[in-house]
Amino acid sequence: MFDTLSERLGGVFEKLRGRGALNELEVRAAMREVRVALLEADVALPVAKAFTDIATERAIGAEVLRSVTPGQQVVKIVNDTLVEILGGDAADLNIDITPPAVIMMVGLQGSGKTTSTAKLARHLADKRRKKVLMASLDVNRPAAQDQLRILGEQLSIATLPVIPGQLPTDIAKRALQAAKLQGFDVLMLDTAGRLHVDTALMAEMKAVGAASSPAETLLVVDALTGQDAVNVAENFSREVPLTGVILTRMDGDARGGAALSMRHVTGKPIKFIGTGEKLDAIEPFHPERTAGRILG
Ligand code: GDP
């Protein structure tokens, strides 16, 4: 569907006949192609501009290695910069603390929050040998608490019994108490989502945070929603102290540019990606792989 970035840059340098060190003219021409590639991969325009500015500075004057063409050299610089900005090594979860470590999941309705809560719980139970309790704090959507209970049953992960009519902060306190008394290592709080970011939602997130002192507050966003996902991340990160992001629907057509925008806007690492509807379809985020996907 797209020319790869290497192919595009090959074309640029063929015209410019770059040799030795990369000169400014060549680099600027190449970075125009890089910017197009980023935009095609769904990176937000201001982020693409900011990124190419950084990469331009690094590339001007860089020696072209003997073994590669100038185009390949630029791709390498762009790729290395991308990996660095996306977060270098994969970011870990801060859960090896005095238990229970609370993970608060936040995000809009439909982002994949409840599914990601269950997937992550299973992942932590399987891969990290954690005893995990999940609690739904979504009292707005009648089926939400049932949905989490059913997922828990499917995955053999404990869920906090529902007390009808209880408010989110009270559920959070009860869940924390239960987790302490019953020796759970990790408590996952699936908070309510709404269709839009609004002040009531933010007030609720803050109150739940104050009641449960989360070690991790993870924002769940749908990678397929592009610029909307970036706006959502910007709004949440302004109001709630996030520690990371989970990007869902990375199995779809999205080229992964949302990852770069998300990182730029929130300043927080992407910790996991959702890669399908199945309940084992969650992976720790690998900047290298996503960089490759963005650059095509
Ligand atoms: P919530 O309203 O944010 O809690 O969203 P849900 O967890 O109920 O998810 C909404 C829909 O998205 C469900 O049908 C999920 O199966 C689906 N979903 C969640 N994560 C992923 C993902 O990574 N890939 C795909 N393909 N579907 C997902």
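**Group meeting: a walk through the model**

V68 sits in the loop between α3 (45–59) and α4 (70–86). Keep in mind that this is a predicted model. Is V68 buried, exposed or in between? V68 is partly exposed, at a relative accessible area of 27%. Now look along the chain to G87. V68 and G87 are 19 residues apart in sequence, and their C-alpha atoms are separated by 26 Å.

Next, Q73. That residue is in helix α4. Q73 counts as buried, because its relative accessibility is 8% and the cut-off for buried is under 20%. What does Q73 touch, beyond residues up to four places away in sequence? The list is L22, E63, V64, L65 and V68. So we are back at V68, one of the contacts of Q73.

On to the loop between α4 and β1 (101–107), where P100 is placed. Look at the bond between P99 and P100. This peptide bond is cis, with omega at about 0 degrees. As background, most peptide bonds are trans, and most residues other than glycine have a negative phi.

That brings me to backbone angles. S156 is not a glycine, yet its phi is positive, about 55 degrees. Where is S156? It lies in the loop between α6 (144–155) and β3. S156 is exposed, with a relative accessible area of 65%. R249 is another non-glycine residue with a positive phi, near 60 degrees. R249 is in the loop between β6 (244–248) and α10 (257–266). At 34% relative accessibility, R249 counts as partly exposed.

Now the sheet. Eight strands form an open sheet with mixed pairing. The order is β3-β2-β4-β1-β5-β6-β7-β8. Which strands stand at the edges? They are β3 (158–159) and β8 (282–284). Each has a single partner strand, so one side of each is left without a neighbour in the sheet. For β8, look at strand β7 (residues 270–274): the two pair in the antiparallel sense, over three bridges. In that stretch, F272 has P284 of β8 as its bridge partner.

A record overlaps this region. UniProt, in an unreviewed entry, places the feature "domain: SRP54-type proteins GTP-binding" at residues 269–282. In the model, that span is 0% helix and 43% strand. Its end C-alpha atoms lie 16 Å apart.

Now helix α11 (residues 287–295). Its buried residues are P287, T290, A291, I294 and L295. Why do they share one side of α11? They cover an arc of only 130 degrees around the axis, which puts them on the same side. The general rule helps here. An α-helix has 3.6 residues a turn, so residues three or four places apart point the same way. On the other side of α11, E288 and R289 are exposed. After α11 comes G296, with a positive phi near 75 degrees.

One more proline. P168 lies in helix α7 (residues 168–181). P168 is buried, at a relative accessible area of 8%. Leaving aside neighbours within four places in sequence, P168 is in contact with L137, V139, E204 and V208. F51 is elsewhere: P168 and F51 are 117 residues apart in sequence and 40 Å apart in space, C-alpha to C-alpha.

Last, the rings. How many aromatic pairs does a search of the whole structure find? Zero. But F184 does have a partner of another kind: K131 lies over the face of its ring, 4.6 Å from the ring centre.

Key
Residues are numbered from 1 along each chain as its sequence is written. This is a predicted model: local features need pLDDT of at least 70, side-chain atom pairs count only at pLDDT 80 or more; totals for chains, interfaces and linings use all residues. Side-chain values use heavy atoms; hydrogens and water are left out. Rings of Phe, Tyr and Trp (its six-membered ring) pair if their centres lie within 6.5 Å; planes under 30 degrees apart count as stacked, over 60 as edge-to-face and the rest as tilted. A charge sits over a ring if NZ of Lys or CZ of Arg is within 6 Å of the ring centre and within 35 degrees of the ring normal. Helices (H or I, at least four residues) and strands (E, at least two) are DSSP runs, numbered from the N terminus. Buried means under 20% relative accessible area, exposed over 50%, partly exposed in between (1.4 Å probe, protein chains only). Contact means heavy atoms within 4.5 Å. The arc is that of the directions from the helix axis to the C-beta atoms. Two strands pair if DSSP finds at least two bridges between them. UniProt positions are given in the numbering used here, feature names are shortened, and annotations may be inferred rather than shown by experiment.
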